[in-house]
Every structure is written in C-alpha cells, then in structure tokens.
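Me: Please take a close look at how the strands pair in this model. Then go through the loops, helices and backbone details that can be described alongside them.

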Amino acid sequence: MDKIKITGGNRLNGKIQVSGAKNAALPLMAASLLTDDTLKLSNVPYLADIVTMANLLAQHGVDISFSSSSQQYGKNMSLRADNIHNFTAPYELVRTMRASVLVLGALLARFGQAKVSLPGGCAIGTRPIDLHLKALEQMGAHIELAEGYVHAHTHGRLKGADITFEKVSVGATENILMAASLADGVTILRNAAREPEVCDLAHCLQKMGAQIEGIGTDTIRITGVKKLSGCDHSVISDRIEAGSFAAAVAITGGEVELLGARAEHMQAVIEKFTEAGISISETERGIKITSDGKIECIDIITQPYPGFPTDMQAQMMALLCVADGASMITETIFENRYMHVPELARMGAKIVVHGASAMIRSADELVGAEVMATDLRASLSLVIAALAAKGETIIHRVYHLDRGYERLEEKLSACGAQIERMHDKPNRPFSMPEAA
Ligand code: EPZ
C-alpha cells in the first residue's frame, strides 16, 4: 500500500490548476443511464472513485471511453447507455463507493427496475439511504429490501409527487432529480440540497431536455418528459479541492493562485479563512491565497450549502491546530467525522472532542510522525498538518486520498512542498501468496 512522505516547513508559492469536482462528476456519469444518446463530459477528474463509477456503469452496459483533455488535469469522457442489459449494482462495487447508489433513480425511471446493493455504513457515519427510498415510493416505486439489496420496480412510469425531505440530502436530491426527469407528471422537491454539485447535475439534465425550475433553491420543480437526449457538459471545478489547497497555503505561509476555483461556490469557506486572518482574493482565473502563516482562532459549524461544508471540516481543523488561541468546531452532518483527531494528536495537536464539538487549543508546534489516513478528507488534514510540521511525516493508507485528489503530490511539489509517494513493499520474511 502506498504511503506519502512529507518534510514540513516549506512555504507554498505558485499556481495550482484545480480539477473538476468529484462530487459533481459522479452523479453526472450516472445521468448517462437516462438516455440512449451519448453524454459527453469534459473536465472529469481522473480519480479512483471515477474509475469505480465507470466500472459500475460499464457492467450495466454503458459504453464508456476516456480521452485525454486539453486541460493540464482531468479527462474527457463519452458515455452511451443504448444497450443496458443488467439492472443490478453489485455489493462488491457499491461497498467501495456509496455514490454507486446514484444509479437507482435513473435505472428505475428509464427501465422500471433496479437492484442496488445497500451501501452499508462508512468511516464517517451510518449514512442510511431511507430518504432516497421513501421519495421513490412516493413516486410509485415498489421497494423491497432483501439480502442486503434494494429491489425496486415500477408498473409503467414513475409518477410525479410532492416530496419534502426530512433532512437535506445531496444524494437523495440528486437521485430524485434524475428519477423525476423521466416521470409522468410534476415532482416538487422541498428542503432540497442546494450544493453547486446538485446544480451542475440539474443544468446538465436541462441540456438533456429535462424541465427543471428552482435550481439552487431548496424547492425544485421538475416536469417529467418521456425521453431525454445526450449533450456536452463540462464538470464544475472542485470547491473542496480548492479549499483544501487554500488551507495548505494558509498553514505554510506563501502565495498561491488556484486556477479554475470559483469563489461564488466557496463563500462560507472564504468567510472563515478571512476571519482567521488569511487573505483570499478573486483573480481573473480563480482565487489567490496569501498568508504569512499567522492564524487567528475561529469557530466553525458545518451545515448544508450555503453553510460551511462538512467536507472542509478536517482540513480546517488541521489549520486551527496552529492558530493563536482556542477554536471550536461543531460537526452537524456526520456523526463520526473526527477520525483525524487522534492522528493529528500524534503530531502534537491539542484537540478535545465532546460529542459533536471539538475544542482545538493552540499547539506550540506540530512535529512530524507516522500517521494513518482514515477517510478521504481526514487524509488531507494530515497532509496539511505535515506541510507545517517540524521534520518528516509518513502518511499511511493514502488510497483514501486517491479517491478524491488528482495528482496531489505533483500539484503541491510544483509550489515548493517536499512531498513524495512511496510504494510500500513491506520487508517481512513471510507474506500470503497472491490469490491465484
Ligand atoms: C454527499 O454525500 C457527498 N458525497 C459527501 O462528500 C458530502 O459529505 C455530503 O454530500 C454532505 O455534503 C458525494 O457527493 C458523492 P447526504 P451524501 O445525503 O449524498 C443523512 C466527500 O468527502 N441521510 O447529503 O451521501 C446522512 O447520513 C464525501 O467527498 C439520511 O439520514 O450525503 C448525513 O448525515 C463524503 N438518509 C446527512 O443526511 C438519507 O437517505 C447528509 O447526507 C440520506 C442522507
């Protein structure tokens, strides 16, 4: 298993091209199931999760091809679902990536049947899909849970319905947006998610012929159509990747321009950086972060968009480990998203967790250590801490990182970071032979 070695203390200066957003590309790829035409996506980040979604769609029968992009990072992708012969999303794929559940709405809406493995829990929380299933049942789907699978079918088309989500859910909003686009009648989604990634999906669906109003608001109205067509769509840039790099520059000191970053998608994050004394300004090509490495203590509460994103919580926690004074973070979205705390503590961080809140006291300095990544964003918080730490840090299990950050070492070392990937060959006298 690969690991990453970082020697801390270097300031970061230069430019970084932000990749397309993982959390936009995944539902956009699933949307290809809604039509027998070709969906062409550009600015697709080349990540482990994208490859998993491609394998999932291919086993349904989607004809997929990747081609190199004119951009420094990312790929172009062509997806054509004109020969779908399998309606099952198998456990072995779904368990590796929960977003696989996003095929459910599209399969059901176009083919009237779907069998999707229940995703099960994950490191950051139980993450049920009850809101997805309740909404599909409201649209007339027959849903049964058996042997760890959702078995769903409809008699004829799904029906439009007036749906109020008990909780704001990105995935449930995306699944029902896709299902309602081909349903018979009008669907209204209340308390819907407003994330830019949800809007990117809705804009692409509109290009495919869907009738959607209220994009970006918490009440979305979809008038179903009988058929959707293909389109060309460019994936929005990744606001979480951009925010992660901003935290890295903030902690090391320096000046970096994040090319392609969209400030309008990052307001809550930019506000918190500004409160912490970090200068962030818009440029023609993105945003620029300037820091002298001095950080003010702040308080953060994670919330659905446009509130502060939970996917930036761990990265900000690493930054606040060296802030002047005590900071408080409250995580309201996931019940178990502090797995990075004991790993940061190995580097000298002073963090106390009480239920959903964590108090971060100023550590005089962070010191390099061997640490373990536990989930995608936690792994980035360890990278940020290591960039500022005294000495060397070794981060294990970086496969978590590869799920959501494209060529991270290349991007950071281009700005002066001392970071390298090590391909781990454990020198143990005995090891289990490779399975035949
Ligand atoms: C999306 O996950 C993102 N993933 C997550 O990013 C992100 O953390 C999350 O939204 C919140 O912003 C992708 O887009 C692929 P939710 P999703 O449904 O859709 C509860 C990353 O790091 N809930 O908005 O799974 C749920 O348990 C990942 O890139 C139900 O109770 O999140 C959670 O507490 C991690 N029932 C809350 O709602 C449901 O049916 C929000 O979950 C659905 C959700």
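Reply: Two strands count as paired if DSSP finds at least two bridges between them. The model is predicted, so what follows describes a prediction.

Start with strand E6 (residues 88–89) and strand E7 (residues 113–117), which run parallel and are joined by two bridges. That number meets the cut-off of at least two bridges, so E6 and E7 count as a pair. Within this pairing, Ala89 stands opposite Val116 of E7. E7 is also joined to strand E9 (residues 149–153), here by five bridges and with the strands running antiparallel. In that pairing Ser117 of E7 stands opposite Tyr149 of E9. E7 therefore has a parallel partner in E6 and an antiparallel partner in E9, each pairing meeting the cut-off of at least two bridges.

Another set of strands can be read in the same way. Four strands, in the order E2-E15-E17-E16, make an open sheet with mixed pairing. Its edges are strand E2 (12–17) and strand E16 (279–283), each of which pairs on one side only. From one strand to the next the twist averages 15 degrees. E2 and strand E15 (residues 254–259) pair in the parallel sense, over six bridges. One of the residues involved is Asn13, whose bridge partner in E15 is Glu255. Helix H8 (residues 239–252) packs on this sheet and touches E2, E15 and strand E17 (286–291). The direction of H8 makes about 170 degrees with that of E15.

Helix H9 (residues 267–275) brings in further neighbours. Its buried residues are Ala268, Val269, Ile270, Lys272 and Phe273. These pack against H8, the edge strand E16, strand E18 (299–301) and helix H10 (313–320). Just after H9, Gly277 takes a positive phi of about 90 degrees. In the loop between E18 and H10 lies Pro306, and the peptide bond from Tyr305 to Pro306 is cis, with omega near 10 degrees.

Some backbone angles deserve a separate note. Most residues other than glycine have a negative phi, and most peptide bonds are trans. Asn43 is not a glycine, yet has a positive phi of about 60 degrees. Its place is in strand E3, and Asn43 counts as buried because its relative accessibility is 11%, below the 20% limit. Asn191, likewise not a glycine, has a positive phi of about 55 degrees. Asn191 is in the loop between strand E11 (186–190) and helix H7 (196–207). With a relative accessible area of 29%, Asn191 is partly exposed, because partly exposed covers values between 20% and 50%.

The loop between strand E3 (38–44) and helix H2 (48–60) holds Tyr46. Tyr46 has a relative accessibility of 41% and so counts as partly exposed. Together with Val51 and Phe66, Tyr46 forms a nonpolar surface patch of about 240 Å² of accessible area.

Thr173 is a buried case. Located in helix H6 (residues 170–181), Thr173 counts as buried because its relative accessibility is 0%. Leaving aside residues up to four places away in sequence, Thr173 touches Phe165, Leu189, Ala192, Ala193, Val198 and Ile220.

Methods: Residues are numbered from 1 along each chain as its sequence is written. This is a predicted model: local features need pLDDT of at least 70, side-chain atom pairs count only at pLDDT 80 or more; totals for chains, interfaces and linings use all residues. Side-chain values use heavy atoms; hydrogens and water are left out. Buried means under 20% relative accessible area, exposed over 50%, partly exposed in between (1.4 Å probe, protein chains only). Contact means heavy atoms within 4.5 Å. Axes are lines fitted to C-alpha atoms, for helices over the stretch in contact, and angles run from 0 to 180 degrees between N-to-C directions. Patches are made of residues with over 30% relative accessible area and no salt bridge: like charges are joined within 9 Å, nonpolar side chains (Val, Leu, Ile, Met, Phe, Trp, Tyr) within 5 Å. Accessible areas come from the Shrake-Rupley method with a 1.4 Å probe; for residues, only the protein chains shown count as cover. A salt bridge is a side-chain nitrogen of Lys or Arg within 4 Å of a carboxyl oxygen of Asp or Glu.
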